[in-house]
Amino acid sequence: MRSLLLAKNGLNKIRSHHKELKQADVSDSLKPIPSGEWCLLTHPDLTASWLCFVNPIIDEKFNSVHVLSSIDNKDIHNLSAEIYITHALEKAFIKRQLFKGYEKNSRLFYGSADGLPGLIVDQFLDKAIIQINTAGVDRYRQLIQENIEKLISGKAYLLDNAKYREKEFLPTFENEKVPALHIEENGIKYLLRSEVIQKVGFYYDHRENRQQLIHLLGRLNKKFEKATDLFCYAGAWGLCALKAGVDQVSFVDQGDFGLEISTALELNGFSNRGNFTRSDVFKFLDDAHLKNKLFDLILCDPPAFAKSQSQKDQALEGYSKLHRKVLKAANPGALIAFSSCTHYVNHEEFQKNILDAATKEHKKLQLIYCGMQGWDHPVASLSDRSNYIKSYFYLMES
């Protein structure tokens, strides 16, 4: 592999555990290097080299070097990208087998947290969907597909998303048609049509929070009769509520998920206990408040409100508006699960947003659970950049 000398700033970043570098962080010029080439970062002050891949056609103000792992200098001659990728995939797969319930339905590979930035793989029983968003990984798309199929003993589908790939100037190949996905999570079954699949299929990231919802509802000496699952998609939150004994759930989404909801209700023995409304959630909440059709349980898990740091203030405004409407639609004594998948809003900011909304609506809340993402979305700490899921359950005072 080609060796690249780190500049002083790049050396400091490596020592501070940064996983992304700019071109200026490397003393050697990246411009002659083909996009996606795997290299070794070196410096006289380091006792080991660092494996990386680079994309010199990215604008110099953005990160163009993805740092993967430190490599003992004695092992360099036995190293190749193919060997590293195969090992990383196997290691991630074995890790998921450790957790009960994750063995055949989970995020099988989670980008840089599992050692390959830009690679996302979700497994659905004997199928998997692969998404690749970095040039260094895209070079080995066929190898990755073959390895995933061996690991799951099934079929893996490459699903390119042009929007996610444009930052690295990657082409978008024609995707294979993904069949309907059979999914199981927390003892609940789902069937997703290919034409309504979002991202890589299913949002496993709130799995543990949904499990806690089931557990919590079973420990409260209160009967929850009317619930709503806002931004429901496949209905995972609402179906967990039904499993825990809630009488009726109104599933709400702007997308066309009526068939998914009705199928899931039937698959899990919940027929006649749920209904789907295709509506803008903000309008749905306004109507519920206006008609005094309030809920005992509100499950609020919207899509990301910001795609970049520059949209953070706008996202917080959106959350504030949403949270106030949720509080207005809740019965006294209601349980409310507020969730977020916005990377650029941290736990403290999200919780403050909820409490500020409660103050403005003259509501008093008691926090009874706080959660993060499931174990198939590994993080090293709460401040880890990969830690993006937030979930807070509150009881609203009567």
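Among contacts in the chain between residues at least 6 apart in sequence, what share joins residues at least 24 apart? The share is 63%. The structure is a predicted model, and what follows describes that model.

## Overall form

The chain holds eleven helices and 18 strands. Its C-alpha atoms fill a box of roughly 70 × 45 × 35 Å along the principal axes. A compact globule of 398 residues would have a radius of gyration near 21 Å, and the chain has 23 Å, so the two agree. Of the 398 residues, 53% count as buried. The exposed surface of the chain comes to about 18500 Å², and carbon and sulfur atoms supply 50% of that area.

## The five-stranded sheet

Five strands form an open sheet with mixed pairing, in the order β1-β3-β4-β5-β2. At its edges stand β1 (2-5) and β2 (20-21), each of which pairs on one side only. Helix α2, residues 81-97, packs on this sheet and touches β3, β4 (48-54) and β5 (65-72). The direction of α2 makes about 95 degrees with that of β3. Strand β1 runs parallel to β3 (residues 38-42), and four bridges join them. In this pairing, S3 stands opposite L40 of β3.

## The four-stranded sheet

Another open sheet has four strands in the order β6-β7-β8-β9, again with mixed pairing. The edge positions belong to β6 (105-110) and β9 (155-158); each has a single partner strand, so one side of each is left without a neighbour in the sheet. On average, neighbouring strands here are turned by 20 degrees against each other, direction ignored. Strand β8 (residues 127-132) pairs with β9 in the parallel sense over four bridges. Within that pairing, I130 has L158 of β9 as its bridge partner. Helix α2 also lies across β6 and β7 (119-124), and runs at about 145 degrees to β6. Helix α2 thus touches β3, β4 and β5 of one sheet and lies across β6 and β7 of the other.

## The β10-β11 hairpin

Strands β10 (residues 181-185) and β11 run antiparallel and are joined by five bridges. E185 stands opposite I188 in β11. The hairpin has two residues between the strands, and N186 takes a positive phi near 55 degrees. In a regular strand the side chains alternate between the two faces of the sheet. Strand β11 (residues 188-192) has a covered face made of I188, Y190 and L192, while K189 and L191 make the uncovered one.

Three strand pairs with their bridges are set out below.

| Strand pair | Sense | Bridges | Residues paired |
|---|---|---|---|
| β1 and β3 | parallel | four | S3 and L40 |
| β8 and β9 | parallel | four | I130 and L158 |
| β10 and β11 | antiparallel | five | E185 and I188 |

## Nonpolar cores

The largest nonpolar core has 49 residues, and those with the most contacts inside it are F202, L213, L239 and L297. Helix α7 (residues 236-243) gives the most to this core, with six residues. Leaving aside residues up to four places away in sequence, L239 touches I188, Y190, A234, F251, A264, L265 and F270. Among these, I188 and Y190 belong to the covered face of β11. A second, separate core has 32 residues, including A334, F338, F350 and I354.

Terms used
Residues are numbered from 1 along each chain as its sequence is written. This is a predicted model: local features need pLDDT of at least 70, side-chain atom pairs count only at pLDDT 80 or more; totals for chains, interfaces and linings use all residues. Side-chain values use heavy atoms; hydrogens and water are left out. Two strands pair if DSSP finds at least two bridges between them. Contact means heavy atoms within 4.5 Å. Axes are lines fitted to C-alpha atoms, for helices over the stretch in contact, and angles run from 0 to 180 degrees between N-to-C directions. A nonpolar core is a set of buried Ala, Val, Leu, Ile, Met, Phe, Trp, Tyr and Cys residues joined through side-chain atoms within 4.5 Å. Buried means under 20% relative accessible area, exposed over 50%, partly exposed in between (1.4 Å probe, protein chains only). The radius of gyration is taken over C-alpha atoms; the globule rule is 2.2 Å times the number of residues to the power 0.38. Accessible areas come from the Shrake-Rupley method with a 1.4 Å probe; for residues, only the protein chains shown count as cover.
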